[in-house]
Structure formats: C-alpha cells, structure tokens
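Welcome to a short set of exercises on reading a protein model. Try each task with the structure in view before you look at the worked solution.

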Amino acid sequence: MFPGVVALDGVNISLEKGKALALLGENGAGKSTLMKILSGSYTPDEGEIYFFGDKVEIKDVVHAKDLGISIIYQELSLSPNMTVAENIFALQEPIRYGMIDDNAMNKKARKLLAELDLDISPTKVVNELSISNQQMVEIVKALSTNPKIIIMDEPTSALSSKETEKLYEIINKLKSQGTSIIYISHRMEEIFTITDYVSVLRDGKYIGTVETSKTTTDELIKMMVGREMDKVYPIKDFKFIKDEKLLELKDYNKKGYYHGINLFVRPGEILGLYGLMGSGRTEIVQGIFGMLKKDKGDMFLHGKKVNVKNAFSAIEHKIAFVTEDRKHEGLVLSASVYENVTFANIGKVLNKFKLIDHQKEVQITKEHKDNLKIKTPNVYQTVNKLSGGNQQKIVLSKWFEIEPEILILDEPTRGIDVGAKFEIYKLMIELARKGVGIILISSELPEILNVSDRLLVVNDKKIVSELDPKNTTQEEIMSYITKRGE
Ligand SMILES: Nc1ncnc2c1ncn2[C@@H]1O[C@H](COP(=O)(O)OP(=O)(O)OP(=O)(O)O)[C@@H](O)[C@H]1O
Ligand SMILES: [Mg+2]
C-alpha cells in the first residue's frame, strides 16, 4: 500500500446492520488505513469490498458518501477559518438562486446541533471552539448525511467523560435506527460498553473477530500483541523519592480557574492529580506552567521563591508540560521524526563548534524509537506519515529530551496502545529514578492508582483530598470528586 510498508494484508471484516464493530490493534496496526480505504481516501491494491451484498469499488470520498459511508477522522479535519455550519455542510450546502443560502444552512445546522443537545453556535468560526467542541462538530458533520455506515476513528480522544456519555447515547440511537458503526478506540471500557463485535488487526494482518459479550480484556490484549501481557503496570521501587520539596505551591490562586492550591512534588515522585474534566486539574498545571498566571500565592523551586511569568520562563526553570491537546500543539508534521524529537533541546545536539551534530540527533532519536517502540521505517520519515499513536509517542520523546526537573503530563497515554502504555510508564519511572518530579493527570483511575505515589483529588477548582493510591478505593475517590459546592 505505502512504499516500503505493507499497511494491510488479507483483511476480512464484515459489518451487520444496526451493530457496532470495534476495530482493535496496536499503534500502527493499520486501523486508520483500512478505514481510509472504506471511506474513499485510499484505494486498495487488491481485495474486494461488498456493500449490502454487492461488490463495489469505492472511487473517492464523494463516492463513499453517496454509498452512505461516513467517517470521523482521527485527526481533526475541519477548516479552522470557516464557521461551524459551513464545516458541517461543506460540499453539500443548501443553494438558493445559485448561491449558498446562509440562512437555511445556519438553520439546518442549529437544528442538528440542538438534536444532539449541543450548545454550539452554527455561526461561530471553528478555531474559536474548544478542541472537544470541534470534535463534536466533526461528529455532527459525519451524521449530517444520514449515513448507513459511520466510521469513528478514536472519536473520544478529545472528549470529556460527559461528552463521551453523550456519544454513547448517539451511538445507541444510531444503532436502533439501523445504522452500522465501526468504532476504533484504545480504551477497552468503551469497546465493552458500546460494541457488539471486535475485530483485531496486528501489523496490518487480520487476526480474528470475537463477540464483545463473550470476550475479555485479556483475550483482546493477547490477540492484539500476540502474547500474554501479564503486567500492564511496571513495579516501582519507592526508595528513590527524596525527602525534599522540588516544587511547592502555597495558596496558589487564579480567580475562576484554581483556588487556594497547596501542593508539593518531591524529586523522584509521581504525583497524581485526579478529577473530572472541568474540575480544574488542567488549569492547576497551566498555572504552574505560567499559561494561566496566578493572581495570588507563591511558587517555590528547590525552596526558592520563583515567579513563572509564562511558558517560556517555565521552560527556563526546567519545567516541561505535555498538554492533552497533542493534535495541535507539539509537532511539526512536515518535519522528520528526528527533527521533532531533538528540536526543543537543540543545545544538546550541538558539537563544540556550535554546529548540529547530526549523528547525535539520529542516535538520540533511535533510542526513543527503540524504547517506545515507535513504528516508523526510519528516523528520517516525516511525522505526518505515522499513525496517530506513534505521533503521540514522538511528542512524549521530545519533552523527555528537554531533560526537565519537573515533568507535567496531562493524559499522556490517550490514544496509545496497551503495550506502549507500559513503555511510557517505564520511562516515567526511569525519569523519577533520576530525580525528576512528575505530575500526572489522568482520567483513567486504574492508571493513576497504579502509577502515582501520592494522589490529589481535584473538585470544583480546589484540591479536596490527598490519598495514598495503595490504600484507597475507586469508591472513596468517587465520593470526593462528585461532592458539590463546599
Ligand atoms: N501516508 C502514509 N505514507 C506512508 N506510510 C503510512 C501513511 N499512513 C500510514 N502509514 C503507515 O501505515 C501503517 C498503519 O498506520 P495506521 O495509521 O493505519 O495505524 P493505526 O492502526 O490507525 O494506528 P493508531 O492506533 O496509532 O492510530 C503505519 O506503519 C504507518 O506508519
Ligand atoms: Mg489510527
């Protein structure tokens, strides 16, 4: 399919009316490629597609749409400078007197948005929306053609838990109307909640299909990675936490964003921040990073008071922040893997004449490629040719290369397969062993309970509790995050 890479080989999947099929596989397994064939972006080299029993050759995107196949792409595909309504109806705008009828279009868009209970204005320009709202617009756009098959390629990677619930409702409604769904996700919980069958791909090859209600996470992992994974979380030796405060916040405050925050991180410690989306957990770390500057309170690094004015000064203080919005920040898609990995800390790869030492760039990048099992033919490949999950691994490598003293990770394992998650945890632990203090935000309770040394619960823009992850339960945590208005 792609020169030098066989993206797909002998894949057989079938889809029933009104059912949801999950497509599961490691990063780079070929899921998105297969879906791009079905939706007309790529043509297969060999093989046949049958649609309602008839053989079809899907010529292009428009043809796929006419057949009733619609796709929500993994990477956002909206035009950022056009309005919500213009995006939803791109190439199918209502026409009046030979011109696009804006009023009719906005009205139709408003109706569609309202049906899904979304509070988004159709006349708003897309780049003014939050990433999660952009994702919802993407979903509305895919639904607007009343498709028979709708492909969702990691639709929840930018959604909050509340919006994910909404998506589940939409999917159930679609299924009951006879629409079929192909659902791609790395989150097992979602697969077990909404799909009927699971097909697994490994290295572009078809492994098999099982009924969701008759399988287990362990069986699916085994199909995916080709071996048993007895450990999903690495074991951490706690002895390397030093008893001193690397970073400390005292009564840190920004009105409307975070209130009276007291916290500290020690060298070698992984501090978990857990809370619902919108609880203020991201705002707190944006405060630390100088993106949402405090209006009151103090920050100390190594016991010394510092004033982090903006992200630039945060980096100067050796604080690194891997944001949850990796789709937009963090990568130069047209540049190569090695350039992306080394470019944020170019000083490290300069030789004594202050020239770039190319060998070193390549060597550093190769280490990351091996550690995180980044699937790329070589380090010279441009990043836009890699699968979504592999792109995320490159963002992480880049920030690890900055050699921070404090590393803030906001949802670092989203869109990453189980095997690679394990590698990321190992890397975090390796950094902690070297004395880095890590702040981890995650929506996945099992992850935060297993990986962090100490856990702070965030609710209503405040830290409401400190818990020992080894001695708490999901129930106890939930009781703190759902309390309102204290
Ligand atoms: N435009 C392209 N040119 C060359 N190779 C490509 C291109 N797009 C994808 N590939 C390669 O095809 C393989 C499959 O990629 P694909 O995007 O289908 O993976 P995926 O299963 O969707 O992974 P993920 O879970 O990370 O999204 C990868 O090795 C990838 O690098
Ligand atoms: Mg993909």
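**Exercise 1. Place E154 in the fold and describe its surroundings.**

Step 1: E154 sits in the loop between β7 and α6. Helices are DSSP runs of H or I with at least four residues, strands are runs of E with at least two, and both are numbered from the N terminus.

Step 2: This is a predicted model, in which local features need pLDDT of at least 70, side-chain atom pairs count only at pLDDT 80 or more, and totals for chains, interfaces and linings use all residues. Residues are numbered from 1 along each chain as its sequence is written, while chains are lettered from A and ligands numbered from 1 in the order in which they are written.

Step 3: E154 counts as buried because it has 24 C-beta neighbours inside 10 Å. A residue is buried if 20 or more other C-beta atoms lie within 10 Å of its own, exposed if 12 or fewer, and partly exposed in between, with C-beta atoms placed from the backbone.

Step 4: Check the backbone too: the phi of E154 is positive, near 50°, and the residue is not a glycine. Most residues other than glycine have a negative phi.

**Exercise 2. Is K461 buried or exposed, and in which loop is its place?**

Step 1: Look between β19 (454-459) and β20 (462-467), where the loop holds K461.

Step 2: Count the neighbours: 21 other C-beta atoms lie within 10 Å, so K461 is buried.

Step 3: Although K461 is not a glycine, its phi is positive, at about 70°.

**Exercise 3. Is K173 buried or exposed?**

Step 1: Find K173 in helix α6 (residues 161-176).

Step 2: K173 has 12 C-beta neighbours inside 10 Å, so it counts as exposed.

Step 3: Now compare sequence and space: K173 and G18 are 155 residues apart in sequence, and their C-alpha atoms are 9.7 Å apart.

**Exercise 4. In what order do the six strands of the open sheet lie?**

Step 1: The order is β4-β7-β8-β1-β9-β10, and the pairing is mixed. Two strands pair if DSSP finds at least two bridges between them.

Step 2: At the edges are β4 (69-72) and β10 (205-211), each of which pairs on one side only.

Step 3: On average, neighbouring strands of this sheet are turned by 20° against each other, direction ignored. Here the axes are lines fitted to C-alpha atoms, for helices over the stretch in contact, and angles run from 0 to 180 degrees between N-to-C directions.

Step 4: Zoom in on one pair: β4 and strand β7 (residues 149-153) run parallel over four bridges, and I72 stands opposite M152 in β7.

**Exercise 5. Which strands pair with β18, and why is β18 largely enclosed?**

Step 1: Strand β13 (residues 270-274) pairs with β18 in the parallel sense over four bridges. L271 stands opposite I439 in β18.

Step 2: Strand β17 (residues 406-410) also runs parallel to β18, and five bridges join them. I406 has G437 as its bridge partner in β18, and D410 has I441.

Step 3: Five of the five residues of β18 (residues 437-441) are buried, so the rest of the structure largely encloses this strand.

Step 4: In a regular strand the side chains alternate between the two faces of the sheet. In β18, G437, I439 and I441 are buried on one side, and I438 and L440 on the other.

Step 5: Move on to β17, where I406, I408 and D410 on one side and L407 and L409 on the other are all buried. Strand β16 (residues 319-322) pairs with β17 in the parallel sense over four bridges.

**Exercise 6. Why does ligand 1 lie between two domains?**

Step 1: Among the 19 residues around ligand 1, N27, S32, T33, S387 and G389 come nearest. A residue is near a molecule or strand if its C-beta atom, placed from the backbone, lies within 6 Å of it.

Step 2: Two elements, α1 (31-38) and α13 (388-401), each give two or more residues to this shell.

Step 3: Domain 1 (20-225) and domain 2 (238-481) both contribute shell residues, so ligand 1 lies between them. The domain bounds come from an automatic or database domain assignment.

Step 4: Finish with α13: 14 of its 14 residues are buried, so this helix is largely enclosed by the rest of the structure.
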